[in-house]
Amino acid sequence: MTKYWRSLDELNNPAEFKKTEIKLEMNATRAVQKKASNASRRDFLKAFGFSVAAAAVVASCKRPVDKAIPYLVKAEEVTPGMANYYASSYFEGNEYCSVLVKVRDGRPIKIEGNNLCSISQQGTSARVQASVLNLYDDARFKTPLKRGEATNWEEVDSYISKKLAQLNGENKKVVLLTSTLISPSTKKVIQNFQTKYPNVEVVQYDAVSATGILKANELSFGKALVPDYKFEKAKVIVSFGADFLGTWLSTTEYTKAYSAGRKVLEKNDEMNRHYQFETGMTLTGSNADVRFPIKPSEEKTILTALYYQLLQAKGSMTIAAPGSPVDVKGLTEDLLANEGKSLVVSGSNDVNTQVIVNAINNLLGNYGSTILIDKTLNTHQGIDDNFETLISELKSKTVGGILCWGVNPVYNHPKGQEIKDLILGAELSISFSDRIDETTAACHWVCPEPHYLESWNDAEPKSGVYSLAQPTISKLFDSRQVQESLMLWAGVEAPNYYEFVKTNWKENFAELQSEFSDSRIFWNDVLQKGVFETDNINTESLAYTENGLAEAVSLSGSNSSGWEVAFYQSVAIADGSSANNPWLQELPDPIAKISWDNFAAVPVKWAEENGVVNESVITINGIELPVFVQPGQAADTVSVALGYGREIAGKVGNGVGKNMFALSSVQNGAKKLWLSGADVQTTGKTFELALSQTHHSMEGRPIVRETNFDKWQLDPASGNELKKEHDKHSVSLYPTPEFKGHHWGMAVDLSSCTGCGTCSISCQAENNIQVIGKEQVRNRRIMHWIRIDRYFSNDAENPDVYHQPVMCQHCDNAPCENVCPVSATPHSDEGLNQMAYNRCVGTKYCINNCPYKVRRFNWFEYVKNPKFDFASNSDLGRLVLNPDVTVRSRGVAEKCSFCVQRIQETKSDAKLAGRKIEDGEVKPACVQSCPADALVFGDMKNPDSKISKYFKNERNYHLLEELHTLPSVGYLTKVRNKKS
């Protein structure tokens, strides 16, 4: 029987591991009891008596003050207690998502994916979900600034307009430094601005760019572009270091497409096969069928060997293929058997590597099938050597002014300190950032832009895909859209960007409006839907050439020696632009299950040989980092996340982790995110990490079930034999529960779930789940209602990985309900295990009696408590709270409710409409946001519902079935597609 384990300690010494876990659990509890244990019984009774008496006096004499202002004239679209939804567009850190924004009483409180958009398809990422909290960030600027002091827009406009005119008259270059621009109307504004000031040049800079892909396609096709990858059409997917399920290019879109190819519900369903070559264990690598741990320096060598073997197999080459550190013969056979139905991608930023990838895809006939070269992804346009030219021009004083918009090179460029000094020394430096950051601190002027939820804009994230962004709340602070600032400085009186966008669409997108009789109808239709997609686009005929291939292949040999360090973007923090978001900081890494820090992931074998364990400290070129011993880490390599180590981010993000951008470099015109010949040293020090994976033990019981695709084809119940055995011998003293109305349930398809954690953040936003900070996470008190358990199996050097979302199972024979002395957790007549917060007295009997460990306890008051100064300590931060969900107080247990507020709202809507609830109409937050469609929710009393069909599927099983708790959550056995 396959052994599954969560940590190396559990693998190597399970008995000792269990003792340690019990000891840690007890220590965490004792810490809270310490003060009470120092008091005498007499002191306790005195204090208790006084507090009860005081509470009675306060309760009888004083009511809490509710600050509420009545509407004198109610806005037409606002009905108190009813939500409005607005379509908009999210674009930050090169990630795009078409979204629906839920607004309650004028406050945006929740983000959902737009199901009308082919890119998001209702899915989101954790970063998109958390973006609503950025709106209520205390670190946002309240006014414009001049040299760090508050000023007004009149002074700003007067000085900057004159200075721009002066620099233009002196013929000194002014650079508008932006992140990738995908807004057609914004580009038009900039063109008009350049007409007024011909000395203005636009440079696009991305912290983690796609320079390698852009330049390689310029060589191969004559145009710098990022193609449209169609993962859903690929039967064989090969990724070299591209974390396309985590942070690479268009992850929400790719996750949806990838997971669609791994759903096996019916006998004739097919399943893609996924090969992953990578250094550290990424989210994408953890989902691969076949994974090869490799050094970064070996990637180009392996790709070259694969290219030559494909040529040989096709008879295009007679000489022997060069050697490879990995045997790619089996992969070659698989690719040749799926020509035109395969996809090879690389996350490398090296141009030569990407040129070889292009040659392989061309050889396999993938262009026009799984790769559309005439339809481009526009979210990554920055080319690194353009920014290097800017640095040189700032040094030489050729550039007199710099306007920074959506960029932070002082933090995320290896020459950060030099860039800071150059910006400080420029004649004119302006930041348009809406919040504090390292680059903004160096600028003379700050002209803050509003948050995207306060703004008008448009976007073309992909050829033929257009979307609009609209304000969902009035501006909270004295900010102004960058486009209006540029228009004003260019001489436009009283600029209105909304009218500009509207006019620009009418004048320049006439061909898109052909099916509409009136441009106003077209505008209103797109504004309501949020997106417009068309195939009526001007495309160039691009043909593949072998330009640059000979040179790329000739440079494919690896000459690296010593330690190699790979830098990657974490699923939560990415490039660090949202480092001040506490929801993202507390989201555990999907593999290491660590939050609130980055760390050095080191190989298992090296750690054992050198006596290094988790929380040991090593140095990498002098930078101290805590260690996480990572199963699956390639030998002689270390992986470290980018995005941490912010110095000027806000009260949450400052000083969290170490900045690894400082160890990156720019070589051959592209930023290189790995380091060779690194100096790695042990220190003998330790550093505490907030590791949450081992918090909730299942005591070794068989909850992980999987099979392989070929076995499933022969027997759909393959891997689920325990379920058969349980059903055969199931006997209970409990009566069979009956439900007269609905019986709600959820199913999790483990073959589709990637472990991304989006559901955790979506649930947190919907249900007012509080952030507790690193110390309390270490004390085993993380509050997420959904945790994603991660298990390893087989070889620790290169294990298989298994992700399993676990939430309240809503058992029909719930062990928690029997033991509550105050009936705070009753069972509803619709199968929900409920929580009555005002009845709970905090005995925690329910928590102790839950075999799934899914209940949480509020050890402290997390709202309006300066000791937990994260998101809910200020009036501004609390604006994000959902009024439909109670904010829990200290001493109360809580857990997943299946988003009962959404169930009740849907029932009410259906009743008013005089109809039945449709299957799939009720969507808890986790179900609605999942980019992989791994979660299904519905009424199990309806035999035709999707949930009923999932529960009847032979892959379905329940956690700990032998306990006969009768969970309302089912899991479909994970199916892998390893080659037999």
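The crossing of helix 7 and helix 12 is right-handed in this predicted model. Helix 7 covers residues 211-221, and helix 12 covers residues 351-363. Their axes lie 8 Å apart and meet at an angle of about 50°. That angle makes helix 7 oblique to helix 12. Helix 7 contributes Gly 212, Ile 213, Lys 215, Ala 216, Asn 217, Leu 219, Ser 220 and Phe 221 to the contact. Helix 12 answers with Val 351, Gln 354, Val 355 and Asn 358. By class, these residues divide into 6 nonpolar, 5 polar and 1 charged.

Helix 12 also packs against helix 10, which runs over residues 299-313. Here the angle is about 25° and the axes are 10 Å apart. Since angles under 35 degrees count as roughly parallel, helix 10 is roughly parallel to helix 12. The crossing of helix 10 and helix 12 is left-handed. From helix 10, the contact draws on Glu 299, Lys 300, Leu 303, Thr 304, Leu 306, Tyr 307, Leu 310 and Leu 311. Their partners in helix 12 are Asn 352, Thr 353, Ile 356, Val 357, Ala 359, Ile 360 and Leu 363. This contact holds 10 nonpolar, 3 polar and 2 charged residues. Helix 12 thus takes part in two packings, one with helix 7 and one with helix 10.

A further helix pair is formed by helix 13 (residues 384-395) and helix 15 (residues 416-425). The two pack at an angle of about 50°, with 10 Å between their axes. Helix 13 and helix 15 are therefore oblique to each other. Their crossing is left-handed. Phe 387, Ile 391, Leu 394 and Lys 395 of helix 13 make the contact with Glu 418, Ile 419 and Leu 422 of helix 15. The contact of helix 13 with helix 15 has 5 nonpolar and 2 charged residues, and no polar ones.

Leu 394 of helix 13 also touches Ile 402. Ile 402 belongs to strand 15, which spans residues 399-405. Its relative accessibility is 2%, so Ile 402 counts as buried. Apart from residues up to four places away in sequence, Ile 402 touches Val 175, Leu 177, Leu 390, Leu 394, Ile 423, Ala 426, Leu 428, Ser 429 and Ile 430. Leu 428 lies 26 residues from Ile 402 along the chain. The C-alpha atoms of Ile 402 and Leu 428 are nevertheless separated by 6.3 Å.

Burial was also examined in helix 8, residues 251-260. This helix is mostly covered, with 9 of its 10 residues buried. The buried residues are Thr 251, Thr 252, Glu 253, Tyr 254, Thr 255, Lys 256, Ala 257, Tyr 258 and Ser 259.

Two loop residues call for attention to the backbone. Most residues other than glycine have a negative phi. Lys 853 is not a glycine, yet its phi is positive, about 55°. Lys 853 sits in the loop between helix 27 (845-849) and strand 36 (856-857). Its relative accessibility of 28% falls between the 20% and 50% cut-offs, so Lys 853 counts as partly exposed. Asp 933 also has a positive phi, near 50°, and is a residue other than glycine. Asp 933 is placed in the loop between helix 29 (925-929) and strand 38 (935-939). With a relative accessibility of 37%, Asp 933 counts as partly exposed.

At the level of the whole chain, the secondary structure comes to 30 helices and 41 strands. The radius of gyration is 29 Å, close to the 30 Å that the globule rule gives for 980 residues, so the chain is as compact as a globular protein of that length. Along its principal axes, the C-alpha trace spans about 85 × 80 × 65 Å. Of the 980 residues, 60% count as buried. Among contacts with a separation of 6 or more, 73% come from residues 24 or more positions apart. The pair of Ile 402 and Leu 428, 26 residues apart and in contact, is one such case.

How values were computed: Residues numbered from 1 in each chain as written. Predicted model: local features only at pLDDT ≥ 70, side-chain atom pairs only at ≥ 80, totals over all residues. Heavy atoms only, no water. Axes fitted to C-alpha atoms, helices over the stretch in contact; angles between N-to-C directions. Helix = DSSP H or I, 4+ residues; strand = E, 2+ residues; numbered from the N terminus. Parallel < 35°, antiparallel > 145°, perpendicular 65-115°, else oblique. Left-handed = near helix turned anticlockwise from the far one by under 90°. Contact = heavy atoms within 4.5 Å. Nonpolar A, V, L, I, M, F, W, Y, C, P; charged D, E, K, R; others polar. Rg over C-alpha atoms; globule rule 2.2 N^0.38 Å. Buried < 20%, exposed > 50% of the residue type's maximum accessible area, 1.4 Å probe, protein only.
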